[in-house]
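Colleague: I'm new to this one. Could you show me how to read its aromatic rings and its cysteines?

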Amino acid sequence: MKRGLVFFSVFILLLGLDMALKSYVHREIPLITSSMMVYPYGGVAFFRDWHGIDFSLVHAINKGAAWGILSSFQDYLLYLRVAIIGGLITYLCFVQASLYRKWSLLLITAGACANVIDYFVYGHVVDMFYFVFWGYSYPIFNLADSLICIGIVLLLAETLLQKINFKKKSSAKPRSGSV
């Protein structure tokens with residue numbers, strides 16, 4: 001029960017951080033436009049040309065999934081996101097899994113919930129982190145997107161480590177029947 005309270009508290013904290021940041025951006029920073037393509041891109045400057053990297057906090061609208069894909073199917077994306085969230089919550093509550101996997105899924109669930117809440121509050125997802133890497137303008141994203149990506153990377157790392165450990169264990173076993 002104590003672990004469940006910790007998970008729920010972290011979930012609420014992450015959701016609250018994302019919502020507070022999006023609210024600030026929505027209220028205080030004008031929407032980025034094509035006329036704002038000079039640092040800080042109409043937003044709040046953090047650093048410019050730090051080893052070739054620019055970073056600023058901007059206000060962008062995303063009506064689709066990652067990088068705005070499927071933006072013309074916003075309602076269907078909402079249904080898909082809610083179904084995925086339902087599956088993740090069911091898994092977290094009822095399936096025995098490693099603590100590592102549960103933390104990974106918690107990050108994904110918190111990020112997904114935050115983006116769904118945006119749909120109801122703003123009618124779209126609010127994105128704000130804008131990086132330019134050595135002249136390449138990386139797609140603008142938000143904290144919820146970061147949580148989802150970190151959770152996915154952690155799940156992939158866990159899977160990779162399990163495969164490596166399985167191969168080590170299976171190659172260490174002596175083969176029976178050999179003379």
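Modeller: Sure, we'll take the aromatic pairs and then the cysteines; keep in mind that this is a predicted model.

Colleague: How many aromatic pairs does a search of the whole structure find?

Modeller: The search turns up 15 aromatic pairs. Take Phe 46 and Phe 55: their ring centres are 5.0 Å apart, with 35 degrees between the planes, and that pair is tilted. Phe 46 is partly exposed, at 49% relative accessible area, whereas Phe 55 is buried, at 11%.

Colleague: And how do Phe 131 and Phe 141 pair up, stacked or edge-to-face?

Modeller: Stacked, because planes under 30 degrees apart count that way. Here the angle is 10 degrees, and the centres are 6.1 Å apart. Phe 131 sits in strand S3, while Phe 141 lies in the loop between strand S4 and helix H4, 10 residues apart. Phe 131 counts as buried, with 19% relative accessibility.

Colleague: Which residues form one aromatic cluster?

Modeller: Both of those pairs belong to it: Phe 46, Phe 55, Phe 131 and Phe 141 are among the members, and so are Trp 50, Trp 134, Tyr 136 and Tyr 138.

Colleague: Now the cysteines. What is a disulfide?

Modeller: A covalent bond between the sulfur atoms of two cysteines. This structure holds 0 disulfides.

Colleague: Why is Cys 93 not in a bond?

Modeller: Because the closest cysteine sulfur, in Cys 113, is 11 Å from the sulfur of Cys 93, too far for a bond. Cys 93 is exposed, at 54% relative accessible area. Cys 149 is in no disulfide either, with the nearest cysteine sulfur, again that of Cys 113, 16 Å away. Cys 149 is partly exposed, at 49%.

Technical notes:
Residues are numbered from 1 along each chain as its sequence is written. This is a predicted model: local features need pLDDT of at least 70, side-chain atom pairs count only at pLDDT 80 or more; totals for chains, interfaces and linings use all residues. Side-chain values use heavy atoms; hydrogens and water are left out. Rings of Phe, Tyr and Trp (its six-membered ring) pair if their centres lie within 6.5 Å; planes under 30 degrees apart count as stacked, over 60 as edge-to-face and the rest as tilted. Buried means under 20% relative accessible area, exposed over 50%, partly exposed in between (1.4 Å probe, protein chains only). Helices (H or I, at least four residues) and strands (E, at least two) are DSSP runs, numbered from the N terminus. A disulfide is a pair of cysteine sulfur atoms within 2.5 Å.
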